[in-house]
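I opened this entry to record what I looked up around the ligand and the pocket, taking the ligand's neighbours before the pocket itself.

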Amino acid sequence: MNTASETSIAPGYTAGLVQSNEEREAVFAVRMIVFVEEQAVPPEEELDALDMVATHFLARLIDTSSSNTAASIVGAARLVDKGHGKGKIGRVAVLREHRGMGVGALLMQTVEQTARERGFAELVLDAQCYAIPFYEKLGYVAEGDVFLDCDIEHRFMSKRLSSA
Ligand SMILES: CC(C)(COP(=O)(O)OP(=O)(O)OC[C@H]1O[C@@H](n2cnc3c(N)ncnc32)[C@H](O)[C@@H]1OP(=O)(O)O)[C@@H](O)C(=O)NCCC(=O)NCCS
């Protein structure tokens, strides 16, 4: 697997591109737990057509005692090419028991690294309002009105990327 090396952001975790069907199923399972079970998003809306074209990312607990690689996957995110140098980040999710340890930030850093390598100039996302401070710490700026998506309040956010 092509993973970022372990960093000081989230000691004990690593993040990288999803590169197998097994990893893809594991990140979808993380999203189902977080968005469908925890946040009551309808399951038919959680997985969508963009998943077919998106680049998927995973965060993994480094656990040398386990040979079950899928079971160690604790975080997910996706990146969709919107054209004209713009990428849309979505479905950023960390399993509840692994939150607050930098895993979300590590995932976002990994997505941004890939976006830079692919020449994206700007990243955009629809942030759940409660998570806006998380994205602001990473340099994203909210704009526009609050809107509802799956009955959850969101705001649009964006960040200009410096070149790789
Ligand atoms: C939002 C989410 C991905 C954050 O992941 P995480 O692994 O807990 O975040 P991190 O530990 O990397 O946090 C990075 C920084 O953001 C802060 N932060 C994280 N979530 C925050 C929140 N909800 N409110 C305020 N600050 C927050 C952390 O305190 C940390 O700050 P620090 O750098 O000063 O220590 C996670 O809470 C999650 O999966 N939530 C459920 C799914 C979801 O709502 N996703 C967002 C959809 S838009």
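**Ligand shell and pocket**

I began with the neighbours of the ligand in this predicted model, and I found 21 residues surrounding the ligand, with Val92, Gly102, Gly104, Tyr130 and Lys137 the closest. Sorted by class, that shell holds 13 nonpolar, five polar and three charged residues.

I then looked up atom pairs with the ligand's oxygen atoms. A polar side-chain atom of Tyr130 lies 2.8 Å from an oxygen atom of the ligand, a backbone N or O atom of Val94 also lies 2.8 Å from a ligand oxygen atom, and for Gln39 I noted a polar side-chain atom at 3.1 Å from a ligand oxygen atom. Of the 920 Å² of accessible area that the ligand has on its own, the protein covers 73%.

Next I asked which elements give two or more residues to the shell around the ligand, and listed helix H1 (21-38), strand E4 (86-94), helix H3 (103-117), strand E5 (122-128) and helix H4 (132-137). H4 gives the most, with four residues.

Turning to the pocket, I noted that the ligand sits in the largest one, and that about 900 Å³ of space lies in this largest pocket. Its lining comprises 39 residues, of which Phe35, Arg91, Val92, Gln128 and Tyr135 are the closest to the centre. E4 supplies the largest share of that lining, seven residues, while the elements with at least two lining residues each also include helix H2 (43-46), strand E3 (73-83) and strand E7 (152-160). By class, I recorded 20 nonpolar, eight polar and 11 charged residues in the lining of the largest pocket.

Conventions. Residues numbered from 1 in each chain as written. Predicted model: local features only at pLDDT ≥ 70, side-chain atom pairs only at ≥ 80, totals over all residues. Heavy atoms only, no water. Near = heavy atom within 4 Å. Polar contact = N/O pair within 3.5 Å; in protein donor to acceptor, adjacent residues only side chain to side chain. Areas by Shrake-Rupley, 256 points an atom, 1.4 Å probe, with all protein chains shown as cover. 1 Å grid on protein atoms, 1.4 Å probe; cavity = no way out; pocket = protein on both sides within 12 Å on 5 of 7 lines; lining within 4 Å. Sits in = over half its atoms within 2 Å of the grid points. Nonpolar A, V, L, I, M, F, W, Y, C, P; charged D, E, K, R; others polar. Points joined across faces, edges and corners; volume = space filled by probe spheres on them.
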